[in-house]
Amino acid sequence: MSARVLVLEDEPQIRGMLCQSLVSESLQAHGAGSLAQARDALGSEAFQLAIVDLGLPDGSGQDFIQELRAWSTMPVLVLSARTQERDKIAALDAGADDYLTKPFARGELLARVRALLRRGGTDAQPVLNFGEVRVDFIHRQVWRRDEEVHLTPIEFQLLSVMIAGQGKVLTHRHLLREVWGGAYVDSPHYLRIYVGHLRQKLEIDSARPRHFITETGTGYRFVL
Amino acid sequence: MGETVDWMGGRVFFSPFLHPASYASGHEAIALMNARFLMILGFGGMDSSTKRTGSKLLGYVVATLSVAVVTVVARSLPSSVVEPANLVMLYLLAVVGVALRHGRGPAVFCALLGVLAFDFFCVPPHLSFAVSDVQYLFTFAVMLLVGMLLTHLTAGVRHQADLTSLREQAARRLYVLAQELAGCADPAKVCHLLMDFVTKDFGGYTEIWWEDSTHALGLLAPSDTPVLMADERGHVPLFVASVMESGQISEYEDLARDGFRLLLCPLDAPMRRRGVLAVTMPQDHLEPLVAQQLASVALLAATTLERLHYVDVAQGAMLDMERERLRSTILSALSHDLRTPLTVMVGRIDALCDEVRATGGRSLELAQAIRSQVVGVSELTDNLLDLARLQSGKVRLRQEWQSVEEIVGAALAHLGERLDGHVVEVDVPCDLPLVEFDAVLMERVLCNLIDNAVRYGAKWVRVVARVTDSRLGLTVEDDGPGLPAELLGQIFEPFVRGPAAKPDGLGLGLSICRLIVEAHGGQVQAQSRSEGGARFTLELPRRNPPLVELEESLA
């Protein structure tokens with residue numbers, strides 16, 4: 001049975017295009033043009049993913065995500081315009097998993113959708129390999145090309161949080177709260193320094209990271 | 001020129017005043033005929049003073065007549081009923097009357113005449129100055145003394161009344177001026193009203209030096225009768241600036257024309273000093289209390305002009321707000337209305353490409369060409385909207401402590417496939433301190449600079465970052481065709497493009513870069529490298545980043 005995707009987008013043209021793209025990937029798409037319609041749909045059917053536009057006629061996408069997060073962990077992909085930087089960050093902070101900036105390539109959209117749908121089913125593994133790196137969560141050890149890399153407790157914690165949210169956009173606030181605690185959410189320089197440390201220790205070229213990706217102005221994304 | 005007499009605690013100023021017409025014509029004789037004694041009682045009212053001069057002679061006539069009338073009445077009373085000594089009262093009554101109506105001179109005259117008349121007509125032997133009873137000499141002396149005393153007191157009261165009345169008139173004129181100024185909506189009109197007031201009240205001229213929006217002093221509404229020296233006009237005379245500085249009413253004798261005096265009065269508005277009132281008037285008018293009145297006029301003018309200034313400011317702010325609201329409404333509508341179809345087009349073309357690819361059709365190339373055009377239009381839209389937003393100066397920077405290495409990496413990642421086939425060197429020391437800037441905007445600067453290099457045909461690009469104590473320096477250099485010398489000066493202007501530019505693009509990238517860097521308080525420069533290619537150098541101000549408690553030190 002294919003996954004059901006809720007498409008919450010007020011522009012009928014874009015909504016149609018999105019639904020068509022999803023259907024061509026053998027997914028079931030349900031379009032909603034307003035918050036009210038989206039609530040109705042969520043009440044009557046189960047969805048595995050929601051694609052939410054930030055500017056809606058009867059409320060903000062951010063409110064919708066907050067509402068949704070109260071009862072569901074369903075992955076949420078946000079669609080934003082370049083001028084909606086703040087709204088995008090707010091939506092991600094509210095619990096959205098990823099975002100796409102309009103206009104976006106169809107391939108990009110489908111890749112994100114697939115990644116989000118897949119993530120729902122993956123279980124935490126005791127050992128994880130990416131690039132030249134092996135992470136052993138049980139023994140809290142990290143190897144790079146069979147050589148043990150020393151990570152400080154905070155570096156390991158940051159790595160763990162990023163791996164746990166792999167594929168998702170993790171906002172600065174989220175990472176700061178998870179690793180340093182609520183008192184540090186407005187001190188992003190801690191994050192910059194420690195992500196830099198992780199890149200220097202684990203990336204081949206820290207200036208062109210392949211795993212610890214920068215989402216400028218928003219946060220970071222860890223990809224395998 | 002005049003004499004000042006202390007009178008009952010008030011200051012009275014007698015001065016011969018020449019009628020302006022005769023003064024100007026130079027006919028001395030007419031001038032002398034017209035010369036009248038004016039009493040400028042503090043606030044110097046002309047009309048009542050003129051009237052008083054004419055009434056002096058009349059005073060003496062009235063004094064004589066009153067003594068005559070009293071004498072006739074005294075004589076008609078039978079001496080058996082009224083003692084001659086009691087008739088003295090009647091004469092004193094006349095003195096009070098004359099003093100009240102005509103002032104000191106006639107009253108003294110009346111008192112003396114009264115004593116003589118009393119002696120001559122009422123004291124036996126009648127119709128003779130001889131006195132039969134020596135006691136009457138004592139009566140005369142007391143009579144004269146009481147008469148003088150009454151004269152003095154009554155004239156004092158009279159002068160107080162005069163003074164009050166003149167002050168009231170002056171206050172009323174000031175009130176009228178204030179009323180007129182209150183309804184004023186134009187600085188030129190304010191100047192006109194002041195000119196009228198000063199001409200009527202002081203017989204002089206006035207002009208106003210006022211600060212404009214750039215805090216530079218300038219003449220407000222220049223008139224045909226310049227107060228300050230002709231050669232000084234157009235630029236701020238030194239003494240105007242010095243009054244502006246000191247805030248004191250100052251007199252400049254050397255600068256005034258003959259027979260006139262020049263007074264500069266600071267215009268202290270409620271908020272701050274904003275200008276200088278220059279007044280020139282006939283010399284005899286510059287008396288301390290006139291200066292006081294001048295200060296009131298200056299305060300009224302300053303308050304009015306400041307009010308007009310703030311009306312202007314408020315209207316400007318309203319207009320700005322309205323313009324900004326309209327601008328952002330248009331921008332966001334435009335951005336939404338352009339982005340929606342572009343998003344749909346990109347999505348549909350992608351679907352078309354997939355379909356063509358799946359069916360093995362031959363129009364794949366065509367579809368991809370359309371796609372790149374649509375993406376180009378989309379970027380153009382972004383650039384135009386960004387330029388509009390940046391040029392409005394209303395962009396709020398989200399400055400945070402950023403890692404330069406991270407931003408360079410993000411810019412390279414953002415350009416992605418466009419860098420395929422190009423060598424990009426990154427020279428950013430890994431111990432470079434964090435620098436405060438808006439990451440999204442600075443990433444855009446780097447993207448634009450690197451993309452520009454690639455777009456103009458460079459095969460090799462190098463990004464270098466260095467810091468000094470106060471600056472971050474970022475350099476993007478390439479081995480492309482370099483920059484034509486004639487373009488170096490204007491390369492950061494919008495719509496300026498190099499000769500090797502591909503037909504896409506409008507030449508907005510570099511102007512966006514400059515606007516962003518300048519918004520950060522930095523600067524960006526372009527130059528050609530001696531070994532070929534171009535070099536863009538940007539500098540941002542930098543301060544020391546906050547300390548990060550490293551966990552080793554915590555443990």
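This section walks through the predicted model of a two-chain structure, from the overall make-up of each chain to a helix pair, a few single residues, some backbone features and the enclosed space.

The two chains can be introduced by their secondary structure and burial. In chain A there are eight helices and 14 strands, and 54% of its 224 residues are buried. Chain B comes to 14 helices and 15 strands, with buried residues making up 42% of its 555 residues. Contacts along the sequence can be viewed in a similar way. Of the contacts in chain A with a separation of 6 or more, 57% are between residues 24 or more positions apart. In chain B, 62% of the contacts between residues at least 6 apart in sequence join residues at least 24 apart.

A helix pair in chain A makes a good place to begin with the details. Helix H3 (residues 61-69) and helix H4 (residues 85-94) of chain A pack with their axes 9 Å apart, at an angle of about 5 degrees. Angles under 35 degrees count as roughly parallel, and H3(A) and H4(A) are therefore roughly parallel to each other. On the H3(A) side, the contact is made by Gln62(A), Ile65(A), Gln66(A) and Arg69(A), while H4(A) contributes Ala90(A), Ala91(A) and Ala94(A). Sorted by character, the residues of this contact divide into four nonpolar, two polar and one charged. The spacing of such residues has a general background: an α-helix has 3.6 residues a turn, so residues three or four places apart point the same way.

H4(A) also has partners beyond H3(A). Its buried residues are Glu85(A), Lys88(A), Ile89(A), Ala91(A), Leu92(A) and Ala94(A). These buried residues pack against H3, strand E6 (76-80), strand E7 (98-101) and strand E12 (169-171) of chain A, together with helix H12 (439-455) of chain B. The partners of H4(A) thus include elements of chain A and a helix of chain B. Directly after H4(A) comes Gly95(A), with a positive phi near 130 degrees.

Lys88(A) gives a closer view of helix H4 of chain A, where it is found. Is this lysine, Lys88(A), buried or exposed? Buried means under 20% relative accessible area, and Lys88(A) has a value of 5%, so it counts as buried. Leaving aside residues up to four places away in sequence, Lys88(A) touches Leu54(A), Ser80(A), Tyr99(A) and Thr218(A).

Two residues of chain B can be set beside it. Asn383(B) sits in helix H10 (residues 364-391) of chain B. With a relative accessible area of 17%, Asn383(B) is buried, because the cut-off for burial lies at 20%. Apart from residues up to four places away in sequence, Asn383(B) touches Arg444(B), Leu508(B) and Ile512(B). Leu145(B), in contrast, is exposed, with a relative accessible area of 64%. Its place is in helix H6 (residues 135-182) of chain B. Leu145(B) and Ala111(B) are 34 residues apart in sequence, and their C-alpha atoms are 8.9 Å apart in space.

Some backbone features in the loops of chain A also deserve a look. Most residues other than glycine have a negative phi, and most peptide bonds are trans. The peptide bond from Lys102(A) to Pro103(A), however, is cis, with omega near -10 degrees. Pro103(A) lies in the loop between E7 and helix H5 (106-119) of chain A. Arg140(A) is not a glycine, yet has a positive phi of about 50 degrees; this arginine is in the loop between strand E9 (133-136) and strand E10 (141-144) of chain A. Asp146(A), also a residue other than glycine, has a positive phi near 65 degrees. The loop that holds Asp146(A) runs between E10 and strand E11 (147-149) of chain A. At 72% relative accessibility, Asp146(A) counts as exposed.

The last topic is enclosed space. Rolling a probe the size of a water molecule over the atoms shows where empty space is left. The count comes to seven cavities of 30 Å³ or more. How much space lies in the second largest cavity? About 60 Å³ lies there. The lining of the second largest cavity is formed by Gly131(A), Glu132(A), Val133(A), Leu202(A), Glu203(A), Ile204(A), Arg210(A) and His211(A). These lining residues divide into three nonpolar, two polar and three charged.

Terms used. Residues numbered from 1 in each chain as written. Chains lettered and ligands numbered in written order. Predicted model: local features only at pLDDT ≥ 70, side-chain atom pairs only at ≥ 80, totals over all residues. Heavy atoms only, no water. 1 Å grid on protein atoms, 1.4 Å probe; cavity = no way out; pocket = protein on both sides within 12 Å on 5 of 7 lines; lining within 4 Å. Points joined across faces, edges and corners; volume = space filled by probe spheres on them. Nonpolar A, V, L, I, M, F, W, Y, C, P; charged D, E, K, R; others polar. Helix = DSSP H or I, 4+ residues; strand = E, 2+ residues; numbered from the N terminus. Buried < 20%, exposed > 50% of the residue type's maximum accessible area, 1.4 Å probe, protein only. Contact = heavy atoms within 4.5 Å. Axes fitted to C-alpha atoms, helices over the stretch in contact; angles between N-to-C directions. Parallel < 35°, antiparallel > 145°, perpendicular 65-115°, else oblique.
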